[in-house]
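Trainee: Please take one part of this protein and go through it closely. I'd like to know what surrounds it, too.

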Amino acid sequence: MTPRLIAYYDARYITGSFGDPRPDGRIHEGTDLSHSSTPGLTPVPALLGGQVVNIWAPSSGHGYGHRIDIKTVEGVVSYAHLNSRSPFWMGQYVGQGDTVGYEGTSGFVSGSCVHIEHAVNGRKRDPLPLIRAVLASPAGIETTTITPKGVSNMLLFNGVGNPGQ
């Protein structure tokens, strides 16, 4: 696990939790992290690598502001309220730890943050167990990943692997 991921996803930066009640009566469906009150300063590293399956703009009317959804081996991980559009495009592959955007204030938020959601088969899950599992994993873990050539098993070392293994 890279020091950057460990530092970024430290529990001290959690400002909103899955299941918290919202002012409109619904529940919060993600985990919010905030490292700075100034939008655009803090890069957001991808928790897991995968393929971009959706990119949302604030004009979509969904409240998430700038958002990117990445299909990973653990389901879809979404990053919302980004300061601006993510540098990635639909279908592109994102590596673990790649900067998907910067904490921001786009969408319905009260301050600069990133909103992280985790969904498996379309059902929203608390992303905190996934965050904890990724941070607790050893430097080398065997996993299945999505690559441009399809699905393959690989041995990851600090988020970097060789699909040919």
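**One helix and its neighbours**

Mentor: Start with the outside of helix H2. On the face turned away from its buried side, H2 carries two exposed residues, Arg-132 and Ala-136. Exposed means over 50% relative accessible area, buried under 20%, and partly exposed in between (1.4 Å probe, protein chains only). Helices (H or I, at least four residues) and strands (E, at least two) are DSSP runs, numbered from the N terminus.

A word on the model. It is predicted, so local features need pLDDT of at least 70 and side-chain atom pairs pLDDT 80 or more, while totals for chains, interfaces and linings use all residues. Residues are numbered from 1 along each chain as its sequence is written, and side-chain values use heavy atoms, without hydrogens or water.

Now turn the helix over. H2 covers residues 127-136, and its buried residues are Pro-127, Leu-128, Leu-130, Ile-131 and Val-134. Look down the axis of H2: these buried residues fall within an arc of 160 degrees (taken from the axis to the C-beta atoms). So they line one face of the helix. The general rule helps here. An α-helix has 3.6 residues a turn, so residues three or four places apart point the same way.

What does the buried side of H2 pack against? It packs against five strands: E1 (14-16), E2 (31-33), E6 (75-82), E9 (114-120) and E10 (123-125). Contact here means heavy atoms within 4.5 Å.

Next, the start of the helix. Asp-126 caps the N-terminal end of H2. One of the side-chain oxygens of Asp-126 lies 2.9 Å from the backbone nitrogen of Leu-128.

Take the neighbouring strands in turn. In E10 you find Arg-123. Arg-123 is exposed, with a relative accessible area of 65%. Look at Gly-75 as well. Arg-123 and Gly-75 are 48 residues apart along the chain, yet their C-alpha atoms are separated by 9.6 Å.

Move to E9, where Glu-117 lies. Is Glu-117 buried or exposed? Glu-117 is buried, because its relative accessible area is 3%. Leave aside its neighbours within four places in sequence. Glu-117 then contacts residues including Glu-29, Tyr-64, Arg-67, Val-76, Ser-78 and Lys-124. Pro-127 of the helix is among its contacts too.

Follow E6 to the next strand. E6 and E5 pair in the antiparallel sense over six bridges; strands pair if DSSP finds at least two bridges between them. E5 and E6 form a hairpin, with two residues between them. In this pairing, His-66 has Leu-82 of E6 as its bridge partner.

E5 itself runs over residues 66-72 and is mostly covered. Six of its seven residues are buried. E5 also pairs with strand E4 (residues 50-56), in the antiparallel sense over five bridges. There, Trp-56 stands opposite Arg-67 in E5.

Finish on Arg-67, which you met as a contact of Glu-117. Arg-67 lies over the face of Tyr-64, at 4.3 Å from the ring centre. The rule asks for NZ of Lys or CZ of Arg within 6 Å of the centre and within 35 degrees of the ring normal. Tyr-64 is also a contact of Glu-117. From there, trace the path back: Glu-117 sits in E9, and E9 is one of the strands packed against the buried residues of H2.

Key:
Polar contact = N/O pair within 3.5 Å; in protein donor to acceptor, adjacent residues only side chain to side chain.
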